[in-house]
Amino acid sequence: MVAKGKIESICTKDVNHSLCFEILKPTPEIEKLDFSGLAKFVINYLSRYTSDTLNQVKMFEGNTTGADLQTLQLCAELYDDSLFHNDRALKVLASKDYDNLNTEVGFTLAYTDTCNDELITMKPVPQVLFKKNSDINAMANIILVILECFIREVKIRC
């Protein structure tokens, strides 16, 4: 069971504090979870958020041309790939394969970094997509904090 103090411990690590507390606000559902269940909860949340962001990127594509369109298409492809890796993350979490969980979540971090690098070249920068991309990155970091600081026996990041 994850006590409120443990959520504070997660959200005060090197993560987006306000987003972390928003996602992990104490509810009866959250309070019943162990750390693996909490990681699963955040992965599922991340998948829904990524899917919503992918849909929003596709809407932007309809009104965009040239290099900006290529940027949006790249980000859409990366978000789609992230969804694939989120599904794999759930499977490796269930099998307690924590090294591969780290790897699967790491793909999302790399993809959001790439998308971010491309989004900032757009004129004007689509701030709503830039924020959503940053939020996806932050959620992946929250998962890694849960994994590395609370699930793994040998603490790597903490």
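Colleague: What makes up the protein chain in terms of helices and strands?

Modeller: This is a predicted model, and its protein chain has seven helices and zero strands. Reading from the N terminus, the elements go α-α-α-α-α-α-α.

Colleague: Why is the protein chain called as compact as a globular protein of that length?

Modeller: The globule rule gives 15 Å for 158 residues, and the radius of gyration here is 16 Å, which is close to that, so the chain counts as compact as a globular protein of its length. Along the principal axes, the C-alpha trace spans about 50 × 30 × 25 Å.

Colleague: How many of the residues count as buried?

Modeller: Of the 158 residues, 46% do. Buried here means under 20% relative accessible area.

Colleague: And what makes the largest nonpolar core a core?

Modeller: A set like that holds buried residues of nonpolar kinds, joined through side-chain atoms within 4.5 Å. The largest one has 51 residues, and those with the most contacts inside it are I10, L24, L101, I142 and I146. Two or more residues each come from α1 (4-11), α2 (17-23), α4 (35-61), α5 (66-94), α6 (98-119) and α7 (127-151). The largest share, 14 residues, comes from α7.

Colleague: How do you know what L101 touches?

Modeller: Contact means heavy atoms within 4.5 Å. Leaving out residues up to four places away in sequence, L101 touches I43, A89, V92, L93 and L147.

Colleague: What share of contacts joins residues at least 24 apart?

Modeller: Taking contacts between residues at least 6 apart in sequence, 68% join residues at least 24 apart.

Note on methods: Residues numbered from 1 in each chain as written. Predicted model: local features only at pLDDT ≥ 70, side-chain atom pairs only at ≥ 80, totals over all residues. Heavy atoms only, no water. Helix = DSSP H or I, 4+ residues; strand = E, 2+ residues; numbered from the N terminus. Rg over C-alpha atoms; globule rule 2.2 N^0.38 Å. Buried < 20%, exposed > 50% of the residue type's maximum accessible area, 1.4 Å probe, protein only.
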